[in-house]
Amino acid sequence: MGGAKLYTCIVMDWSKQEKDLDRIFFKNFSLIQRGSQEHKDFWKFFYRYQKFNASKEKTKAEKNVEWSASSEGESSKDPFSFPPVYDRSHRICFNVETDNLEYQLRVLQQRREDERKKSSPLTLKHLLEFRSVIRHFLNFQQKTKFQRIQKIIRDQSELPIYQFKDQILSAVRDNQVVLIAGDTGCGKSTQVPQYLLRGSYEKIACTQPRRIACLSLAKRVSYETLNEYRTEIAYQVRFERSRTPATKVLFLTEGLLLRQLSTDRDLSRYDVIIIDEVHERHINSDFLLGVLRILIDQRSDLKLILMSATINISLFSDYFQGAPVIKVPGRLYPIDLQYMPISNASVLQPTAQKSSKLDPQPYLRILQLIDNKYPRSERGDVLVFLSGMNEIASLLHEVKSYGEATGRWIGLPLHSALSIEEQDKVFDVAPDGTRKCIISTNIAETSITIDGIRFVIDSGKVKEMGYDSHTKMNRLQEFWISQASSEQRKGRAGRTGPGVCFRLYSESDYSSFPEYATPEIQRVPLESLVLQTIALDLGNIRKFPFIESPSLSSIETSVAFLKEQDALTNDERLTPVGKMLAQLPVDVVIGKMLIMGSLFHVIEPVLIIAAGLSVQSPFTQTAFNQDESSAQSTRQSLESDHGDPYTLLNAFDEWINVKRDGVKASSQWCKRRGIEEQRLYEMVKLRQQFRDVLLDHELLEREFHEASGEEEERERKSRWFQLSEVQQEELRSMRKRHRTENKQRKVLKMDHEVDEEEEVSIAAGLKHLEFKLLHDLSQLQDGSSERRSYSLRDINLLKIVICSGLYPQVAIGDDCNTFKKGSEQIFHTKSKSFLVLHPTSVFSSNPDLLFQQQEGGKKVHYLLAYEKLLETNRPYMVNALKVPALQTLLLFTQSIDTNESCSRLVVDEWLEIVFTGEDTGQEVMSIVQTLRGTWSRILEMKLAKKSKRDDEDDDQGRESDEIQSLERLLGSRLAEFLDSDYNYTLSQISSSIRPHLYKGPSSTSTTSGGEGGGTKGLPGKLTVGSSKSSPSPHPTKGGFMITHYFTYDCLVDPSQAEASSSLSQHLRNVWVCPSCHQSLVVNMAEQLSHRGECEIEQQAKRKEEKRKEEERAVINTREYHCKECDRVFQFTSIEILRHKRQHKQN
Amino acid sequence: MASFKRKFEPTGSFRCERCGFTSLVYSFSKSCPFSSGLVFSEDCFIGRDPFSEKHKPLVLGSRCAACHRAICVSQDCSIFYTRRYCKDCFDNNRSRFPLELQKELQQ
């Protein structure tokens, strides 16, 4: 006892010994590694333990008896024999193994001596005591971990779906298709895959409508299965995947599963497919259902499980011939429902104004009601459903001032245009005595689940994207919600406890709501869908067994559009372009841009613009509203006079350059300009993905220094090593911190002032480093500085490429625009009039850019090409681009009709071009024919190249040679054409004139007077010059079809009073072709037709000659003078012999 | 290399005969097959710590020293004092355990 007493008297200052103890105990100790979280936890535990022991004032020191049953001798058979003295350490079932402590201590003291330091106060007893604390710590760890596992299991078994586990498994075993219907919170998404896994299914796919859900579900299920299956549970979405060959459960997006069909027709890689959230009726899930319904007949071993909310169950069950339904009740607390319709008086007042503003009063009254009725101490937040962002902004303003006045409310917005960080704020906790008032769009209906909501205020309104397939107009309109989503909204109040739902409409309103919302397939464009059905060989799209068919007219317009875009042939098969488009995971418009960009070798900027148009706009609207002065003016430097896609490109390039200065610089740069950096990161990723697709299809050739897939991986690794060790460590620890930080909820502050110099969040830092790791920053920077030095010619070429995708989405400015402000300028397309500029567009703030500029006395006409039309309160053009009118129209239109002198052109039966100069029209048309001919020739050759890949290499080389020379020709000619300035007038054809445009087929009469000079020539009889095909008359318009888009001399010429002058145009004259120098006797139509073909032919001829010449040079030829025929030949030695032999024979 | 790899594969599954808790186990022994540092005082069902990125052992249970049933380490199923006893054997033989332990467990 004496020794022990002495020992307790000397108070040991453990904190000074930490280093030495670490060195002794945690050197190679795998259970607690130095520097790890556990190591830190241990030291915390250690001091707590010391304190606890001290407070207990133990009379005896911990004896640290490491007693074990076996050491007592196996002889004691009595299972209840115990050591004579009770000791708590006997309750631990293991001992800690360390190196020999006596020896360790000696080493320690020796080192002290070597370093001429005082000897350590540590004794063997201390070390033993320390070891025993480790033992207690590990025991504590083991216990809590087991408890965590138990909790997971308990939570699982408390889920409503748990009761149905066996029922589900046996239903799946006995049926090919099973429908599981359960409301939010029943646990179907997390549990069903686990049940299947434990029911020994091994190839399970589970689709989700949203990417984010794939990631979080994979994580959650992996956690719940105690990581037993580690890599066996994985996710795969557009940009990321964790899938390995060992994967048994894969969470993926619906779109991705559809893409997998193209390489794996019957999805043989899966034996169970779960389609989750089918009730949401996304276009992809509807399509997938149709595909799978066909597939299950072919694969009797395939199991299909549909999971939905308890909405419209019979629709799905019936679709699969009465598939069994397992209905799982949701876990909802009772919800008190109160109808509080807004009185008519208050409705009328705001609607008097055109911009119907939301009346905040009914909402504030409910907040007051809550304040009065429910004590502050009772927690519970409010979730308000409004229709759109503007409504949210105006109510938020009111709620904030009410909150400030009462000190009880924190208003938070929630919609998809918010930054990720702003969105995440809704999960933070309100301080005691205050409530969150989350004002949201329908995003909080199913997509985002927020705990702690006790009150729901439902406006009953939703803004939905409608689509008019005729005008191709996207329309954001306000509707009453469906009964189904009304119930869904209500349910949000009862997730964590009993709640209240206030409906700002009457019960009779409710019963007049449609039962279900319109499925997406009935309100969006169907181009991609049509392409995919054809690509997947699913037969006639019109007969596809949709669960609910889209309208036939919508299908027809999509098919027509695809034909117009050269993606479909007339008998509705895929063209080479169409095949390519079907494989690109993008809109047809974007896809075409990419294909054309690679043809013209301007792919880098096109990749970026295409990526920018495919992600949500990085320019946040909130910044636009709040700090109008600052954000808008700082953004101005990025704005391009050419249009919004160029602004996007500038922003990206600038950002890449700022990136060099590190993460803080770039995130601040973004903040100041109201740019959402996340979107830019997405652009980088998407750009890379587009690039990979193009490389894969040989539309893009690997540059010499560029790495192939495998090498790229290696390069990526080497970039990892180029990061300094500190950065590597930083990245690792940031990833970890990011993971833990995400779990912790922060407490909100009452004032929302955002600190400008706010610490860069870990997430942003992580993104930055990952970005550096995955992409070659210097290469991106090279590209961006290269673009700075773009000439106008480059810019114009890029415009044409972008337009190749956008066309026919072009609009002409109204004649009266000169007198109007930017926001009031109106534009017209062929099918839609009175469009306006989107407020974020550069042309909206700088309308002068659009006016026909006077350059050297000549007018330059512009059109606006746009990415899409969006109708909110007005019909907006989104992502507008200024393009030269004549060139754009003539290069892309489906029809050019001319008068007999080509001085007057009608494009798409919509715009009229009248040239002022003589013969200009003919010249222009000849150039256009050449350009378009060369263009389609190159496209054909390039696209055919891939299928021919197996042919002789030699041939391949020759072909790409030809492509290259054609490309050069096209490049220079195109640039010339774009640079050229012709004098012309441009106007819309009024609808009253439209029916009288054409001569019509019957008018073969002679030229008499002004009523349309008929064609005098008899083209059938004549074969003209080298022209392969003589032009044939157009069946409806009259005149002659020179090419599929060009109809000559079909216009009724109103100004044609003096027929005599034009008469000469019909007479056949001697004409010398400027490119082949043949003199021909032709009329105008024949002349035009000849010129179009001749240019290309001549080019090919010249090239062929050149090649032969080169060949000759390569093969050893020499000059040979034959005495017998007295001629000089260019012969190889073999040819000389052959020649001589000929003479002999003769 | 092969043997190294085999160490990480579960050898069977463990099921608690009291509560039905089931999990994969890597060993039933006094030492962990994939990690050093701990020596168990009796044969244990050793699983893998699911919350750790590294391979670390987690004791799931062992056999009752009295009735030899497989039992998990949950406080509802067993207690450990020099050996593991299932809750039933403990309750039936409560008086034979040290008083201090009985008191501690009542707390």
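## A glutamate in a helix

Let's start with one residue. A:Glu113 is part of helix α4 of chain A, which covers residues 101–114. Is A:Glu113 buried or exposed? A:Glu113 counts as exposed because it has 11 C-beta neighbours inside 10 Å, and a residue with 12 or fewer such neighbours is classed that way.

A:Glu113 also gives us a feel for distances in this predicted model. Take A:Ser844, which lies 731 residues from A:Glu113 along the chain. In space, the C-alpha atoms of A:Glu113 and A:Ser844 are 80 Å apart.

## How confident is the model of chain A?

As this is a predicted model, it helps to look at the confidence scores early on. For chain A the average pLDDT is 79, and 80% of the residues score at least 70.

Some stretches of chain A score lower. Over residues 704–709 of chain A, pLDDT stays under 50, and the model shows 3 contacts there beyond four places in sequence. Residues 1003–1028 of chain A also stay under 50, and for them the model has 57 contacts beyond four places in sequence.

## A parallel sheet in chain A

Now find the open sheet in chain A. It has 6 strands with parallel pairing, and their order across the sheet is β9-β16-β13-β10-β12-β11. Which strands form the edges? They are β9 (335–339) and β11 (409–414) of chain A, each of which pairs on one side only. On average, neighbouring strands of this sheet are turned by 20° against each other, with direction ignored.

You can zoom in on one pair. Strand β10 (residues 381–385) and strand β12 (residues 435–440) of chain A run parallel and are joined by 4 bridges. Within this part of the sheet, A:Phe385 stands opposite A:Ser440 in β12(A).

Helices accompany the strands. Helix α13 (residues 361–373) of chain A lies across β10, β11, β12, β13 (453–458) and β16 (499–503) of chain A, and runs at about 155° to β13(A). Helix α16 (residues 483–491) of chain A packs on the sheet too, where it touches β9, β10, β13 and β16 of chain A. The direction of α16 makes about 150° with that of β13(A).

## Getting to know chain B

Chain B has 107 residues, of which 38% count as buried. Its secondary structure comes to 3 helices and 8 strands. Following the sequence, you meet them in the pattern α-β-β-β-β-β-β-β-β-α-α. Along its principal axes, the C-alpha trace of chain B spans about 50 × 25 × 25 Å. Of the contacts in chain B between residues at least 6 apart in sequence, 26% join residues at least 24 apart.

An unreviewed UniProt entry annotates residues 14–105 of chain B as "domain: Cysteine-rich DPF motif". Over residues 14–105, the chain is 14% helix and 43% strand, and the C-alpha atoms at the two ends are 26 Å apart.

## Strand β4 of chain B and its partners

Strand β4(B) is a good one to follow. Strand β3 (residues 27–31) of chain B pairs with β4(B) in the antiparallel sense over 4 bridges, and B:Ser29 stands opposite B:Cys44 in β4(B). The hairpin of β3(B) and β4(B) has 6 residues between its strands, and B:Gly37 there takes a positive phi near 115°.

β4(B) is also joined to β5(B), again running antiparallel, by 5 bridges. Here B:Phe45 has B:Gly61 in β5(B) as its bridge partner.

Which strand of chain A pairs with β4(B)? Strand β1 (residues 94–96) of chain A does, in the antiparallel sense and over 3 bridges. A:Phe94 has B:Phe40 as its bridge partner in β4(B), while the partner of A:Val96 is B:Leu38.

## Where the two chains meet

How many residues does each chain bring to the contact? Chain B contributes 30 residues and chain A contributes 26 residues. On the chain B side, β4 (38–48), β5 (57–63), β7 (78–81), β8 (83–86) and α3 (99–106) each supply at least two residues. The largest share of that side, 6 residues, comes from β4(B). Sorted by class, the side of chain B that touches chain A has 16 nonpolar, 7 polar and 7 charged residues.

Notes. Residues numbered from 1 in each chain as written. Chains lettered and ligands numbered in written order. Predicted model: local features only at pLDDT ≥ 70, side-chain atom pairs only at ≥ 80, totals over all residues. Contact = placed C-beta atoms within 7 Å. Nonpolar A, V, L, I, M, F, W, Y, C, P; charged D, E, K, R; others polar. Pairing = 2+ DSSP bridges. Buried ≥ 20, exposed ≤ 12 C-beta atoms within 10 Å, placed from the backbone. UniProt positions renumbered as here; feature names shortened; annotations may be inferred. pLDDT = per-residue confidence, 0-100. Axes fitted to C-alpha atoms, helices over the stretch in contact; angles between N-to-C directions.
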